[in-house]
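Let's take a walk through this structure together, one stop at a time. Keep the viewer open and turn the model as you read.

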Amino acid sequence: MPAFALDLAAWLGARTDVVYLIAAILFIVGIKLLSSPETAAKGNFLSAFAMFLAVGITLLSGQIVDFTWIAVGMAVGALIGIVASRLVKMTAMPQMVALYNGLGGAASALVATSEYFRQLPEIGPFLITVILLSLFVGALTLTGSVGAFAKLQELVSGRPLVFPGQHWVNLVLVLAVLGLVVGVFLEPARQPLFFALAGLALVLGILVVIPIGGADMPVVIALLNSYSGVAVSLTGFVLANNVLIIAGSLVGASGIFLTNEMCVAMNRSIWNVLFGGFGLEAPGSGAGAGAVAGDPQGQVKPYTIEDAVTVLENSQTVIFVPGYGMAASQAQHAVRELGEALEAHGLQVRYAIHPVAGRMPGHMNVLLAEANVSYDLLFDMEQINPEFSRNDVAIVIGANDVVNPAAHEDPDSPIYGMPVLDAEQSRTVMVLKRSMNPGFAGIDNVLFLRDNTMMLFGDAKTTLNRLIEGLKQ
Ligand code: NAP
């Protein structure tokens, strides 16, 4: 390295906290920019640059004894990151985010363990407290996130898994955790207790996630995201590293805000989500054509593309309602093209975005932005719901739970009280999906049997392309 570069590195290395402060300010500005789709890409870049600064200055700080394992770790991590960014499909992003949360937790638990053994036998009360907290939150985040990953990847059932006395088992485990924390705090050299605490935290992570299912998963994912931030922040206290404390707190706090937003979107309290065992009483899934529980009189009415084109040609307003099926079928570009074709026919086109549509917060916004749909056409649930009763056609593209009228019509439904998009109030509702299968929450949808509903069965992208063709003729 040239001499001036070495001088600069040494100069910067002596000012670690100043660079940490700059990084922290950039993190905050980055998060602020992430709050709007227009500035989100800039915010992402700024935050990544801040992280680069923080990592770079830590490496230059003169505290690293040997760079070998750091280099190996960075090479392996970069390789996994590059491969994942190329191979993981957009539909699998929520699972990947869940897994990354878990890895953040694992890193915190490992750092806590290594510091524990490095400092033994004498560890002061503050340090042992943050080591134990970092171990506990990190380990719980790891297994909780792996559980969320397994549910989202459908490796295990998305339905809540409960067993008799579950709350009591959890209570006993929490009391045992408290006992172990006190035991190690009073006598830090009690290594078996330290490992027992790690084991219990891992078990609790699984037990916390398995009873949650159905439509409540977004809340859990946001909460685990917050836990991973808390774990990182605690690691900052363990290592006395300011940037970890700040960055972790930012993630922890924004995760809590997101959790709250998700709870509001579902009209549920966090206690209700964590201890409610949502979806247990849900009617059976996959009721099959024409047999939706709760509305046995209804009839499914499959229509042809020609029928749908005729209705569209005689309409003035259309509201698209995208859901997970749009992501699964990668239909976002076809949606934009159909929107443009309808506008060319003189129709007013808008998009209704439900906060938990898809499988991660902001999922629909990301996909529609990728397809260059103008932000001005996207409307939140509160803005668009009053519009449905004045609207001609609602085109529901692979959405199911977020348009289920049972949420405000059927007090026995597990999703009763959850705010949904009132698509059924449109003059005509076109539903694009492949079958009568239920959505993520596993509950049937009476919307599909309504007199004003036209079912257009098939893959969403194929159906949209056929509609575009039909409109051209
Ligand atoms: P949904 O209720 O999960 O329904 C998606 C529908 O898409 C299914 O009924 C499926 O029906 C259809 N579909 C799948 N592949 C398709 C394809 N190729 N073409 C056409 N249709 C296809 O979706 P949603 O209405 O967006 O609701 C989201 C659900 O996920 C909520 O319950 C929410 O709580 C939950 N969740 C959300 C998040 C989040 O953060 N947003 C995270 C975790 C869970 P067919 O099989 O019949 O085609």
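The side chain of S233 makes a polar contact with the side chain of S249, at 3.3 Å. Bear in mind as you look at this pair that the model is predicted. The S233 side chain also reaches the backbone oxygen of I245, at 3.3 Å. S233 itself belongs to helix α9, which covers residues 217-239. Is S233 buried or exposed? S233 counts as buried because its relative accessible area is 9%, below the 20% cut-off. If you set aside the neighbours within four places in sequence, the residues in contact with S233 are L244, I245, G248 and S249.

Just past that helix, stop at A240, in the loop between α9 and α10 (242-266). A240 has a positive phi of about 55 degrees, although A240 is not a glycine. That deserves a second look, since most residues other than glycine have a negative phi. With a relative accessibility of 67%, A240 counts as exposed.

A similar stop is E154, placed in the loop between α6 and α7 (166-186). E154 is not a glycine, yet its phi is positive, at about 60 degrees. E154 counts as exposed too, with 60% relative accessibility.

Now turn to the other end of α6. In the loop between α5 (93-119) and α6 you will find P121. A cis peptide bond joins L120 to P121, with omega at about 5 degrees. As a reminder, most peptide bonds are trans.

Next comes the packing of helices. Two packed helices are described by the angle between their axes and the distance between the axes. For α6 (residues 125-152) and α8 (residues 191-209), the axes come within 7 Å and cross at roughly 35 degrees. This crossing of α6 and α8 is right-handed. On the α6 side, the residues that meet α8 include L132, F136, L140 and K151. On the α8 side, F194, L197, I206 and V209 are among those that meet α6. Which classes make up the contact of α6 with α8? The contact has 16 nonpolar, 4 polar and 1 charged residues.

Our last stop is a pair of strands. Strand β5 (residues 428-433) pairs with β6 in the parallel sense, over 5 bridges. Within this pairing, V431 stands opposite M455 in β6. Why is β6 described as largely enclosed by the rest of the structure? Strand β6 covers residues 453-457, and 4 of its 5 residues are buried, so the description follows from that count.

Terms used
Residues numbered from 1 in each chain as written. Predicted model: local features only at pLDDT ≥ 70, side-chain atom pairs only at ≥ 80, totals over all residues. Heavy atoms only, no water. Helix = DSSP H or I, 4+ residues; strand = E, 2+ residues; numbered from the N terminus. Buried < 20%, exposed > 50% of the residue type's maximum accessible area, 1.4 Å probe, protein only. Polar contact = N/O pair within 3.5 Å; in protein donor to acceptor, adjacent residues only side chain to side chain. Contact = heavy atoms within 4.5 Å. Axes fitted to C-alpha atoms, helices over the stretch in contact; angles between N-to-C directions. Left-handed = near helix turned anticlockwise from the far one by under 90°. Nonpolar A, V, L, I, M, F, W, Y, C, P; charged D, E, K, R; others polar. Pairing = 2+ DSSP bridges.
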